[in-house]
Amino acid sequence: MNIEAIVKQVLAEMQGTPGATVAPKQAGVIPKTSKAAMLTALENYEIKEFPIPELGDDDILVKVEGCGVCGTDAHEFKRDPFGLIPLVLGHEGTGEIVKMGKNVKKDSAGKPLTIGDKVVTCMIFKDNPDITMFDLNKQNVGGADVYGLLPDDDIHLNGWFADYLVIRGGSTVFNVSDLDLESRILIEPSAVLIHAVERAKSTGILRFNSRVAVQGCGPIGLICIAILKTMGVQNIVAIDGEQKRLDFAKELGASATVNFKDFQGIEALTDGVKAAFGGYLADFAFQCTGSPIAHANIYKFIRNGGGLCELGFFINGGDATINPHFDICSKEITTVGSWVYTLRDYATTFDFLKGAKAIGLPIHKLITHKFPLSQINEAHITNLKMEGLKIAIINE
């Protein structure tokens, strides 16, 4: 349908005509407006319609296919801790490129981009130019802007809970056309765990033959188990209070499970963890809940000289009470914290998702509920009630 425009564009680019205007690349008929779910008040989304703006030379227009509902979205829906209302949320999204500015040639990893490619975004780095694909070990990307957590502006299409997203020049974008929709929706939360596992490996304690405890079997803990299994760790004990989640933990690679509701007191629970490891404490542990009590307990499950990665406190969950002598010093526990990810971790995540699928891990089953954009309030309520694992908005 657009062959004449494409030929003119190619000829103009080949000839390099001075002052020539090259039209942005696009495919098919693009509507003049886009629906977006605008969070206008606590616990209230409204479906609004906004004009699709003209693209800049470095911008990309994406037709949204789906987006996961994150715990951060739940916090914003319930309490607006960042003070951003009104805004369009959604940062675990993916979709298809339908229009590109003339300067867009490659993604953030150097892979070619073209109309029809499936993409995900990571962050916008306009405010933090020190973070690049070649300088990734100095800091995570927690200080950068995120689509789905951007203040509202005159474009409005700032989050993935919409029909279309405008990716601004200067953003990180990755071509993930070789992944299916479910895998693409799981990229962002999986990157959080790839980063955590890389942080854990930096201690020198996490190895193939390590006994590893994973406390908390929500989406974060379950993805952690899948990553450990994919990288070859065989002895993984999952700890949680919901039996259905523990059962799924086994499907994703846990060798044994411990339901803390079956034990009275921390000593009994510690004995339960030891029994699951055949009479041993963990060499390494991942604390994946936002519970201060859970954080205080995790040290008891780790052997002398063992390691801990704490990643459950993405936001301020309160203070935890520990005994530094018994919990850290006398046991010489090596502890690392983990928050968000680096760009390198984001790119590594694509290989993890392919690897998990290759060895038969049912990672796609993490997405337990799918809602259309028109039912986004119901989706968030379902998420708050913890009636499933990963809730996703799938565009019709």
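# Exercises on a predicted protein model

An open sheet of 3 strands, with antiparallel pairing, has the order E3-E2-E5. The structure examined here is a predicted model, and the exercises below start from this sheet.

## Exercise 1. The three-stranded sheet

Task: Identify the edge strands of the sheet with the order E3-E2-E5, and describe how E2 is joined to E5.

Solution.
- Step 1. Strand E3 (44-51) and strand E5 (87-88) are the edge strands, since each pairs on one side only.
- Step 2. Strand E2 (residues 33-41) is joined to E5 by 2 bridges, and the two run antiparallel.
- Step 3. Opposite Leu39 stands Leu87 in E5.
- Step 4. A helix is also found here: H11 (residues 376-384) lies across E2 and E3, and its direction is at about 140° to that of E3.

## Exercise 2. Helix H11

Task: State which residues of H11 are buried and which elements they pack against. Then classify Glu378 as buried, partly exposed or exposed.

Solution.
- Step 1. The buried residues in H11 are Ile376, Asn377, Ala379, His380, Thr382 and Asn383.
- Step 2. These buried residues pack against E2 and E3, and also against strand E4 (60-69), helix H2 (71-79), strand E16 (367-371) and strand E17 (390-394).
- Step 3. Glu378 also belongs to helix H11. Its relative accessible area is 40%. Buried means under 20% and exposed means over 50%, so a value in between is called partly exposed. Glu378 is therefore partly exposed.
- Step 4. Glu378 and Gly142 are 236 residues apart along the chain, and their C-alpha atoms are separated by 29 Å.
- Step 5. After H11 comes Met386, which has a positive phi, near 55°.

## Exercise 3. The six-stranded sheet and its helices

Task: Describe the order and pairing of the sheet of 6 strands, and name the strands that H5 and H7 touch.

Solution.
- Step 1. The 6 strands form an open sheet in the order E12-E11-E10-E13-E14-E15, and the pairing is parallel.
- Step 2. Strand E12 (256-259) and strand E15 (334-337) are the edges, each pairing on one side only.
- Step 3. On average, neighbouring strands of this sheet are turned by 20° against each other, direction ignored.
- Step 4. Strand E13 (residues 282-287) and strand E14 (residues 302-310) run parallel and are joined by 5 bridges. Gln287 stands opposite Glu310 in E14.
- Step 5. H5 packs on the sheet and touches strand E10 (211-215), strand E11 (235-240) and E13, with a direction at about 160° to that of E10.
- Step 6. Helix H7 (residues 266-276) packs on the sheet as well, touching E11 and E12, and its direction makes about 170° with that of E12.

## Exercise 4. The crossing of H5 and H10

Task: Classify the arrangement of H5 and H10, and give the character of the residues in their contact.

Solution.
- Step 1. Helix H5 (residues 219-230) and helix H10 (residues 343-358) have axes that come within 10 Å and cross at roughly 75°.
- Step 2. Angles of 65 to 115 degrees count as roughly perpendicular. H5 and H10 are therefore roughly perpendicular to each other.
- Step 3. On the H5 side the contact is made by Ile223, Ala226, Ile227 and Thr230, and on the H10 side by Phe352, Gly355 and Ala356.
- Step 4. These residues divide into 5 nonpolar, 2 polar and no charged.

## Exercise 5. Strand E9 and Arg184

Task: Determine how far strand E9 is covered, and describe the surroundings of Arg184.

Solution.
- Step 1. In strand E9 (residues 171-175), 5 of 5 residues are buried. Ser171, Val173 and Asn175 lie on one side, Thr172 and Phe174 on the other, and both faces are covered.
- Step 2. Strand E7 (residues 118-124) runs antiparallel to E9 and is joined to it by 4 bridges. Thr121 stands opposite Val173 in E9.
- Step 3. Arg184 lies in helix H3 (residues 181-185) and is buried, with a relative accessible area of 5%.
- Step 4. Beyond its neighbours within four places in sequence, Arg184 is in contact with Glu65, Thr94, Gly95, Lys118, Val120, Val176 and Leu179.
- Step 5. For one of these, Val120, the distance to Arg184 is 7.4 Å, C-alpha to C-alpha, at a sequence separation of 64 residues.

Conventions. Residues numbered from 1 in each chain as written. Predicted model: local features only at pLDDT ≥ 70, side-chain atom pairs only at ≥ 80, totals over all residues. Heavy atoms only, no water. Pairing = 2+ DSSP bridges. Contact = heavy atoms within 4.5 Å. Axes fitted to C-alpha atoms, helices over the stretch in contact; angles between N-to-C directions. Parallel < 35°, antiparallel > 145°, perpendicular 65-115°, else oblique. Nonpolar A, V, L, I, M, F, W, Y, C, P; charged D, E, K, R; others polar. Buried < 20%, exposed > 50% of the residue type's maximum accessible area, 1.4 Å probe, protein only.
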